[in-house]
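Q: Hi! Could you walk me through this one? I'd like to start with how the parts touch.

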Amino acid sequence: MTTEGTYPHAMGGVSSWCDLLIGGLPEFDWQILPIRAGDRSHSAIFELPPHAAVVGQIELWSEQLPRRRWMVRADHRARESLPANLVRSLMGWEGSYDGLLDALVWCRMRPHAVRRAFRGAGAWEAFLGALEEVLGESHPDAGPPPQLDAVEAARLYQTIYWIARAAAVPTPQTDLLHVTAAGWAAIPALVHKQLHGTDMLLTEHGVYVREAYLAAARSPSSQGERFLSSRLARGLSRAAYAAADSVAPVTEANAAWERGLGVDPQKIRVIQNGIDAPPSYTDPPGNLKVVSVGRIDPLKDVQTMLRVAVEVSRRVPGVRFEYWGPPTKGQEAYARACEELARRLGAEECFQFMGSTRDPHGVVRDADVVLMTSISEGLPMSILEAMAQARPVVATAVGGVPEVLRGCGIVPPPGDVHAIATGVATLLSNPELAAHLGRRGFARVHRIYTQKACLAGYRDLLGELAGVEMAA
Amino acid sequence: MESPGHQYAAGVIEARLGRGAQDVLEAAVVLEAWGGVRAGRALSLGSRVVPPKPPRWTPGRLTTEEPGRRDGILSEAVALIMAILAVASWAGPLSRQVGTSSLQQAIVIALPLTLALQWAIRSRYLSRRSGLACLAHDRLALCALGLLAIEVPLMLLRPYGPLAGMFVAIWVGGTVLARRGWALPYGLLLVGAVIGLEAELPAYPLLEVLTATVLIGSVTAIRTGEEHSNEPAGRVGRALWAGAIGAALGGLLVGDPSLGWGVHGAFPALALLPSVLGSFWGGYHLWKFYDAVPRGLQGTSLTQANQRNHRGAAMGIFLGAILRLVGVTVVLSGAVLLIAEWTSGTNRLSLFVGFGCVALVTMIVNVLESLAYARWALFAAGASVATELTVSNVVLVHAPVPGAALIAGTLVGILVALPPLLMLLMRPGRVLATSLWIQ
């Protein structure tokens, strides 16, 4: 299993899902290959079960070089066309999958030559030529490219170097590759599959390319930076989709995106997330508390939530909003901007950032309403947890949310402060309706979104791909 | 929700982004996230709302972070002056107490070792933003063991070994103290030792106390330095290369016997002062490199990104640093020469020229190393030492002027290191992409 900035080093929905899957399927031996930024925080947050082991680590943006095996005669000859080939195949609108694989496999075969290839004068010249070719492409769907400057080109050159370095890291012998995001996590798997013919399963929680475009669209970056980051994500996703033997989105909404992005519908099998729900429930406590659990991240649109809180507090005096969760790593500035907005809106009276919690179930149980204002989601575990505790949910209509909350929650459009606030105020002022929706959610989780069903789906799929018949 | 039409879709995108969509995917993503349009429909609508014209160009935002810190620079400079003057003042009383030969041999061993350790520690730890935290994280005990591994063999080399060992510990410890912002107390400690030596206190116990104080201070500096950081330390391999370069440069300083370390009293150390201060200012200017090179390239089109630019930011900063080094060295050397009669005859011009050349080759080699051309840097430093040793031992056994071999060695080093560096710096785009951002 390859992960990207998640399991076992960081908390979050994808990490929880990995933990559930690995812990729940002991009939498989799991080898984890995490990809992460090269800092010192190497300690794993999740304790791995005996049938799982971390078998290496791909560190990006670090100073470290590939480990040298002194007894092995290495091929150090640089290939000056490497950066140019990578930029053509990854950034071109119709980039060549075969060209990409050829370049990535070359990196795996000559890990010590990658740095030399990128530091050569000829490599940089060829890269610039290839980038100009990409910018000169004409395709009706691609739109006109922006102008790039030398700094943006150099930044892309550096990013592509790290893609090459990620490809160069050896992968262990395995029967099946399970990639947990259609981005960087796919790189080592692409090479492994090309070299050994191993089958590859891709699970997407959100749609990688969609989230990359959303992040770029909302960032204050220049057009050039937006163009490069979103194009690169698209290139990586296209390669991951092309290589995957099976794609397992967590919701039908993601499957629709994947079909739209060109994935063969025959390859797609939706396996919904599941949760280990308690056997009984309690009704909401009636304390006028609205709770949200999740990372502080632009994708969660916390700023809309703050505006919702202000509007609801006008309609329902005494209401309190609690946001449980830390900022996503790298989004600390967004978190500070949210706190600043809370001050500007005068929301400090009714809205509080609570930080991390070790008891998300208790936090949700203590709420009258669970709120989520995301602009992008797959199938959020936080909603399943709220339903498992029989709490009514107001959540924006993104990703798999409308599908999950069918008949047991309020689903306003994303970013619509008035509609979201109306949903929350309605539930707070109508406890019977709130309790009724909560009970329906509880029943729905027990009927459809069980941990057992989720694990069974993966057990079957992994067994099929590995060519073994699994006992239920 | 009703399926919106083409105009509605374009309106949603314009309202949300304040511009047209970049491509079909961005249009679809925006329509789904904020327009409530389902994925399939959003993708088909997206292709109809991609604008035909490219967006108006805006330059990229630049967020660069300089490695290490630049505050407390004045106190560091003052401390450096105090340290050099103090060490220069030690020479007389020390040679009287321990003997000229012992002092000379101690310096000849200690200088290369000190520079090797300083370059290695700087490469792996101190050049980083949270350098002391990196050092603390790498287990203080391990670092102490490393230092012991150097110190213990030195202690066995009697009679000059213990003295050399103490010099190494005092000078390397000083680097750590300066990084912590404790350069002034360090300088005052050295001045205190001068007063003690001049008062005829026994040299060894005095230096032992000083060594212990500096080492305890260094450990305290590391432990109480920066808060915990996730920033990783540099590569061990790179630190070893840096250490080798430092050792070669140290070898260059002591490889010419005509300099008379420990023989001519305070003179060589005093003659070193102008060039050290020159390098200090030049090196301070070079800190801008990481920030100024990308800043200078902002807005440069792709076609110009690989063109030669003699006046580019990289070349400008390098030449600025050289100018500062040479300027300060020349002016201060003149000043020291002017007061020669009060400093026991520090009037040998060739030594000032030699040390100035050492500072120059050190700076060039330093830039090469910081751009991760360590092999070339070591080759240049090694060529300098080899030339110096050849000249002093074979060609000019009786040097016409003191420091002649040193000058010859450093000139060879400059000739070896400078042309490739200039070729590189002439293309700032290439430097940024292939050297600064890929190490």
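A: Happy to. In chain A, 16 residues of domain 1 are in contact with 14 residues of domain 2, where contact means C-beta atoms, placed from the backbone, within 7 Å. This is a predicted model, where local features need pLDDT of at least 70 and side-chain atom pairs count only at pLDDT 80 or more, while totals for chains, interfaces and linings use all residues. Residues are numbered from 1 along each chain as its sequence is written, and chains are lettered from A and ligands numbered from 1 in the order in which they are written.

Q: Which helix gives the most to the side of domain 1 of chain A that touches domain 2 of chain A?

A: That is H8(A), with five residues. Helices here are DSSP runs of H or I with at least four residues, and strands are runs of E with at least two, numbered from the N terminus.

Q: And where are the domain bounds in chain A?

A: Domain 1 of chain A is 2-267 and domain 2 is 289-447; the bounds come from an automatic or database domain assignment. Their C-alpha centres lie 33 Å apart.

Q: Switching to the chain contact: how many residues does it take from each chain?

A: It takes 60 residues from chain A and 53 residues from chain B. On the chain A side, H6(A) gives the most, with eight residues.

Q: Cool. What about H5(A), which residues are buried there?

A: A:Ala123, A:Trp124, A:Phe127, A:Leu128, A:Ala130 and A:Leu131 are buried in H5(A). Buried means 20 or more other C-beta atoms within 10 Å of the residue's own, exposed means 12 or fewer, and partly exposed is in between, with C-beta atoms placed from the backbone.

Q: What covers the buried residues of H5(A)?

A: The cover includes H2 (82-91), H4 (113-119) and H6 (150-168) of chain A, together with H18 (428-436) of chain B.

Q: Last topic, the six-strand sheet in chain A: what is its order?

A: This open sheet runs S10-S9-S8-S11-S12-S13 in chain A, with parallel pairing. Two strands pair if DSSP finds at least two bridges between them.

Q: Why is one side of S10 and of S13 in chain A left without a neighbour in the sheet?

A: Because S10 (351-355) and S13 (409-410) of chain A stand at the edges, each with a single partner strand.

Q: How many bridges join S11 to S12 in chain A?

A: Three bridges join S11 (369-372) to S12 (393-395) of chain A. As one example, A:Val370 has A:Val393 in S12(A) as its bridge partner.

Note on methods: Two residues are in contact if their C-beta atoms, placed from the backbone, lie within 7 Å.
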